[in-house]
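Reader: I'm new to this one and would like a close look at a single part of it. Could you take me through it slowly?

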Amino acid sequence: MNIALFAARSTFRNKRRSIITLITVSIGTLALCLFGGFVNTVYQGIETGIVRTSGQIHLYREGFFEYGAGRATDYDIADYQRIVDTLQGDDRLAKRIAVITPTLSIGGIAGNYAENSSQTFVGVGLNPADHARMRMWNDYGTSGESSAFPLPADAQGGFIGTGLAKILNLCDELNIAGCTDAPTPVPDNTGAIDPEIADLQLEVDASAQSLPRFPATIDLLGAAASGAPNIIRLPVLSAQAQAQKAVDDRFVAMPLPMAQQLVYGQDEQRVTTLIIQLHHTTDMEDTVAHLRTLIDAQAWPLEVKGFTDFNVTYSRITAMFSTIFGFISVVIAIVVVFTIVNNLSMSVMERFNEIGTLRSIGSRRSVIREQFVLEGIILGVLGAALGLSLGMIVETLVNLSGFSWTPPSNTIPQPLMLNLYANPIMPLGIGLGMIIVTALSSLPPANRAARMPIVDALRHH
Amino acid sequence: MNTKTVARLRDVSKHYLLGSVQVTALSALNLEVKAGAFTFVTGPSGSGKTTALNLLGAIDKPSQGSVDMLGQRFDELSDTQLTDFRCRHIAYIFQNFNLIPVLNVYENVEYPLHLMGLPKAARQERVTDVLDAVGLYDRAQHKPNELSGGQRQRVAIARALVKQPTVVLADEPTANLDSQTSRDVTALMQQMQRKFNTTFVFSSHDPDLIAMADEVYHLVDGQLTDIKRQEVPQ
Ligand SMILES: Nc1ncnc2c1ncn2[C@@H]1O[C@H](COP(=O)(O)OP(=O)(O)OP(=O)(O)O)[C@@H](O)[C@H]1O
Ligand SMILES: [Mg+2]
């Protein structure tokens, strides 16, 4: 008769009580699994959103990340095509990189002077074909389709945030659903335009005559690398909502050459960021390290940032959900502790006489303690196993149900998927945690049983 | 009869505190257990019989005096050493049988051998022998609650004898049995004593049991009032 079998039989001596305890442990496990699955999906959803638009890794000129917002051209990357070629020529990187694409951050004032409205803008010049490919990323399979990238590969214009479209009175022109132009344009203020800028404006107006017709155009006024003001006329093909209003109200995206035109004119064309999208985020850490060695070897003045660094929202949201998850775990652990302590204390009380008997015929205290801890562990293992199995069933049902929700960094609803079991580490962790909690909570009753004076124990019948 | 002393209470007193009142369960008792003998402790209820057996069985400690078995003083042993000592040398038969309800007959009898660390083959041989001897081999797979009182006490006897202990302590082993069963169980113990040459210490009021005593210690209120020695022909 080994002690484990003995404990197993003793565990179910009082079936009703043990079953109630089992149910409690398994419901606790189930709750953690479902919430854990949801949290995983949230993380994956946010990550997918980020990776589709910004990739996992950015390469900047040293200092750009900290100070570039003020004056991007001081921190731009010259001869970037050579860098891209070098990186693509590296076997280890080539295998892992899905997309590597140059981007130029720009800023200035966007104006729709026909409607007398203007707004500061935050813009990017990018390669539409690369970004269209980046939007296909779905490494976890839990996120739905992304909205298509608004620009075709050969786009002759850009797109703007719907907020900016409203501000610039372009709702009608761009045919945006649920968007109305600002009530009446602010009274005439064109008189204030700087004569130098007005000249530029005329030049642009003249050259625009030859361009094909677009639904709308805006004028972007920015500072060229030389320091002089520059202006380009950007055809706007469409508007697309951006997740955050502050961005949506200012966002302009355009093909890279147009942005470069604004900043560099006829000079050497540069970029501010090289965006890298990997096939799998799991490769990120390793790739970042490898990139750093490559960059050091070439003595390029570049720095490497992963998305958890360049996108603070991700870290904040994951930290928040982790805290909630931790809090729920603690609450569930407390419930489990009370249930196990109660169950085993009753068991010890009912079995005083048995404990006295075992001790009198030569069982050490440690044997008694082990037996009751083992009973707690048996309840923990069975409860955890039951909870994990139920979790698997519920996860499957939820994933088949077709519910949808909109994660924090998305603009379009995603299917509501739970995703716990794809990576076994988390469910195993929950199960193991549950077993550890039950084992620890069985210690006080087990110690009580082990320490009981034999003569007193035997007197109970 | 072998007259070697295997266990001894020396000037043993045991007091309990009930609130502020001190109850004396035993006072200055001297008792010797002879190897291979039936030693009895009798007396009215509350006279200290159970207390005396508990002290001999190393599950209780005297307030004064000392207890030793096989020359080993119990007060010199740590709790774990005492437990191991009980495991090797002392067996119990209880008034209420005290079998483990979740274990079947075989497992109940085998349990002490587990504690002693005997290998499986040795355990099997001993359990089979002793179950045969008490006539319950065919009940080996039964749970205690499927047995009669007499059968349960026989299992308890088998559990006590299987480890071939130095002393078997039996606290009113027949008190919960009817008189016929009581006589059967008594006869069985006598038979076992001859077969295994085991030393028994009983507490009992049962005249049938006392009839087979080699020595009878009579207690009243924790005081020894009389020792009867039966002259047994060699
Ligand atoms: N744990 C205890 N606390 C207080 N008093 C106790 C305790 N155990 C025993 N006693 C007292 O010690 C005395 C002897 O008890 P003991 O159980 O040894 O008697 P006994 O001879 O076995 O009686 P019985 O024939 O009824 O079993 C009794 O007065 C009892 O009340
Ligand atoms: Mg008694």
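Let's take the place where the two chains meet: how many residues of chain B are in contact with how many residues of chain A?

Author: Happy to. One thing to keep in mind from the start is that this is a predicted model. Now the numbers you asked for: on the chain B side, 27 residues are in contact, and they touch 22 residues of chain A.

The size of an interface is often given as the accessible area lost when the parts come together. Here chain A and chain B bury about 2200 Å² between them, and 59% of that is on carbon and sulfur atoms. If you want residues to click on, go for Ile59(B), Val102(B) and Tyr111(B): in chain B these lose the most area to chain A, together 24% of what that side buries.

There's a charged and polar part to the story too. The rule finds four salt bridges across the interface of chain B and chain A. One that you can look up is between the side chains of Asp79(B) and Arg359(A), at 3.6 Å, N to O. Polar contacts cross over as well, with 11 residue pairs found between chain B and chain A, both residues at pLDDT 80 or more.

Where on chain B does all this sit? The elements that give two or more residues to the side touching chain A are two helices of chain B, α2 (79-89) and α3 (105-116). Sorted by kind, the residues on that side of chain B come to 11 nonpolar, seven polar and nine charged.

Now step back from the contact side and see what α2(B) rests on. Chain B has an open sheet of six strands, in the order β6-β7-β8-β3-β9-β10, with mixed pairing. Its edge strands are β6 (90-93) and β10 (223-229) of chain B, each pairing on one side only. On average, neighbouring strands in this sheet are turned by 20 degrees against each other, direction ignored. α2(B) packs on this sheet and touches β6 and β7 (167-171) of chain B, its direction making about 70 degrees with that of β6(B). So much for the helix; within the sheet, strand β3 (residues 38-42) and strand β8 (residues 199-203) of chain B run parallel and are joined by four bridges. In that pairing, Phe38(B) has Phe200(B) in β8(B) as its bridge partner.

Chain B has another open sheet, made of four strands in the order β2-β1-β4-β5, and here the pairing is antiparallel. At its edges stand β2 (21-34) and β5 (72-73) of chain B; each has a single partner strand, so one side of each is left without a neighbour in the sheet. β2(B) is paired with β1 (residues 5-18) of chain B in the antiparallel sense, over 10 bridges. To spot that pairing, find Leu9(B), which stands opposite Leu31(B) in β2(B). A helix goes with this sheet as well: α1 (residues 49-56) of chain B lies across β1, β2 and β4 (64-69) of chain B, running at about 125 degrees to β1(B).

So, back to your question, with the picture filled in: 27 residues of chain B are in contact with 22 of chain A, and α2(B) and α3(B) are the elements that give two or more residues to that side of chain B.

How values were computed
Residues numbered from 1 in each chain as written. Chains lettered and ligands numbered in written order. Heavy atoms only, no water. Contact = heavy atoms within 4.5 Å. Buried area = accessible area lost by both parts, 1.4 Å probe. Polar contact = N/O pair within 3.5 Å; in protein donor to acceptor, adjacent residues only side chain to side chain. Nonpolar A, V, L, I, M, F, W, Y, C, P; charged D, E, K, R; others polar. Pairing = 2+ DSSP bridges. Axes fitted to C-alpha atoms, helices over the stretch in contact; angles between N-to-C directions.
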